[in-house]
Amino acid sequence: MLLGRRDFLRSWAALPILIGNSAKAESSEPLRVRASRHNRIYGAAVCTEQLLSNEEYRKVIVREAGILVAEGETKRNVLQPQRNVFNFSKTDAILKFAQHNSQLMRGHTLVWHRANPKWLSEEIVVTRDEKLLTGYIEAIVGRYRSQLNSWDVVNEAIEPDDGLVSGLRQQSIWFRAFGESYIETAFHCARAADPDASLYYNEANLEGDVAWSERRRRATLKLLERLISKNVPIDALGIQGHLKAYRVKYSDEVFSRFLDDVASLGLQILITEFDVADAGGPEDHVQRDADVASLTHRFLDVAFSKPSVIGCLTWGITDKYSWLSRDEHYRWPDGQSSRGLPFDQEFKQKPMWDAMVSAYDKTPI
Ligand code: G3I
């Protein structure tokens, strides 16, 4: 049974959100409310450590986000550090928090070439034991059955630079062990373990107006077409949406066309990991904030103009804890924080937040 968009949005709309009776939106209204008013969702990636220890962080997440995803805690290196050792405590903590605050939660990610425990990476390419794939999905998806609203079943299976005609990531441990079939196996297994969860294929770098991004789009569409033609149970495409304001050209037309192509396959779309890297931009952070906001507005305007796009999650919520400040490719060499999320280091709304609000407010219902 597929969890259709209507069901998804119905479950979302049923959440007890405190919306005033006034039809006119107040400027202080949080993103989750703006989004829900337009039948869309807004959410954010969180980390357990901050949720458990940081009151300011907790407050902003409760106020703004209608759906949570773990930035790292639901990856295999955390959930199954040893062959016979599972550690659910961090994922459980986020789920408990989300349920307590009437928020949905999605799972990220079951099958990825990164964030695997060392024992698995070593074992799988030697034994090619399919149980190492299916047993894990059964255990994890089964444990959270009917509690997580969706799963990124497979993440980042495309890498055209690896040289295959299909554009699939040849270097992935999963491809090396099983070839392309690991993807369909994972989806079938996830559907059997939780028939209610929406199942996503999640991919990176799909929005750039550059040749290498076009190759990724083409390979992704071909993969989705193959999966659908084989009746693989896939419901949606997750577009990560890690934009690079000063490094990768973006075009509304190119992005719009891609969204239409995906929708024509009958899939829903969610922007799953949105942020805007400001590395390489001008020194003046006021100017950078304006540029980031302007790009945010353009990108989300195009996305939300499509009925197939059900919403957006940012990858974090405050610049204070953004991966962009930690990653060697995107961090500023002088140690200042990146400014790619809707709240700054002091948990203050930035122009990016206003841009997101405006994009949600303009969304046709
Ligand atoms: O857990 C250890 C901690 O114990 C230790 O003190 C610390 C010291 O550096 O490292 C911690 O682990 C790091 C973890 O993030 C938590 O901060 C890992 O080394 C690091 O590799 C991990 O990076 C995450 C990465 O995925 C790999 O899992 C990033 O935070 C996270 O933002 C990133 O998210 C990915 C999405 O899953 C997929 N799309 C791209 C996105 C950005 O790369």
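**Stop 1: the shell around the ligand**

Select the ligand and the residues around it. By class, this shell has four nonpolar, four polar and six charged residues. The model you are looking at is predicted. In total, 14 residues surround the ligand. Show E71, K75, H108, E273 and R326, which are the closest.

**Stop 2: polar contacts of the ligand**

Turn on side chains and pick H108. An N or O atom in the H108 side chain is 2.7 Å from an oxygen atom of the ligand. Next, pick E273. Here the partner is a nitrogen atom of the ligand, 2.6 Å from an N or O atom in the side chain of E273. Then pick Q240. An N or O atom in the Q240 side chain lies 3.1 Å from a nitrogen atom of the ligand. How much of the ligand does the protein bury? Taken alone, the ligand exposes 800 Å², and the protein buries 47% of that.

**Stop 3: the largest pocket**

Hide the ligand for a moment. The space it takes is the largest pocket. About 660 Å³ of space lies in this pocket. Its lining has 25 residues. Select W112, R114, E156, W323 and D327: these are the lining residues closest to the centre of the pocket.

Now colour the lining by class. You should find seven nonpolar, seven polar and 11 charged residues. Which secondary structure elements each supply at least two residues of this lining? Highlight helix α11, residues 211–229, and strand β7, residues 242–244. Keep both highlighted for the next stop.

**Stop 4: the largest cavity**

The count comes to three cavities of 30 Å³ or more. Go to the largest cavity, where about 90 Å³ of space lies. To find it, select N205, E207, G208, W212, S213, H242, L243, K244, V248, K249, Y250 and L295, which line it. Again α11 and β7 each supply at least two lining residues. Which element gives the most to this lining? That is β7, with three residues. By class, the lining of the largest cavity has five nonpolar, four polar and three charged residues.

**Stop 5: the second largest cavity**

Clear the selection. Now choose A45, V46, C47, Y57, E71, G316, I317, T318 and Y321. These residues line the second largest cavity. About 50 Å³ of space lies inside. Its lining has six nonpolar, two polar and one charged residues. You have met E71 already: this residue is among the closest to the ligand, and it also lines the second largest cavity.

**Stop 6: backbone details**

Switch to the backbone. Most residues other than glycine have a negative phi, and most peptide bonds are trans. Three places here deserve a click.

Return to H108, whose side chain you saw by the ligand. Is the peptide bond from H108 to T109 cis or trans? The bond is cis, with omega near -5°. T109 is found in strand β3, residues 104–111.

Next, select R128. Its phi is near 50°, a positive value in a residue other than glycine. R128 lies in the loop between α7, residues 118–127, and α8, residues 131–143.

Finish at N231. Phi is positive at N231 too, near 60°. Where is N231 found? Look in the loop between α11 and β6, residues 236–239. The helix at one side of that loop, α11, supplies at least two residues to the lining of the largest pocket.

Technical notes. Residues numbered from 1 in each chain as written. Predicted model: local features only at pLDDT ≥ 70, side-chain atom pairs only at ≥ 80, totals over all residues. Heavy atoms only, no water. Near = heavy atom within 4 Å. Polar contact = N/O pair within 3.5 Å; in protein donor to acceptor, adjacent residues only side chain to side chain. Areas by Shrake-Rupley, 256 points an atom, 1.4 Å probe, with all protein chains shown as cover. 1 Å grid on protein atoms, 1.4 Å probe; cavity = no way out; pocket = protein on both sides within 12 Å on 5 of 7 lines; lining within 4 Å. Sits in = over half its atoms within 2 Å of the grid points. Nonpolar A, V, L, I, M, F, W, Y, C, P; charged D, E, K, R; others polar. Points joined across faces, edges and corners; volume = space filled by probe spheres on them. Helix = DSSP H or I, 4+ residues; strand = E, 2+ residues; numbered from the N terminus.
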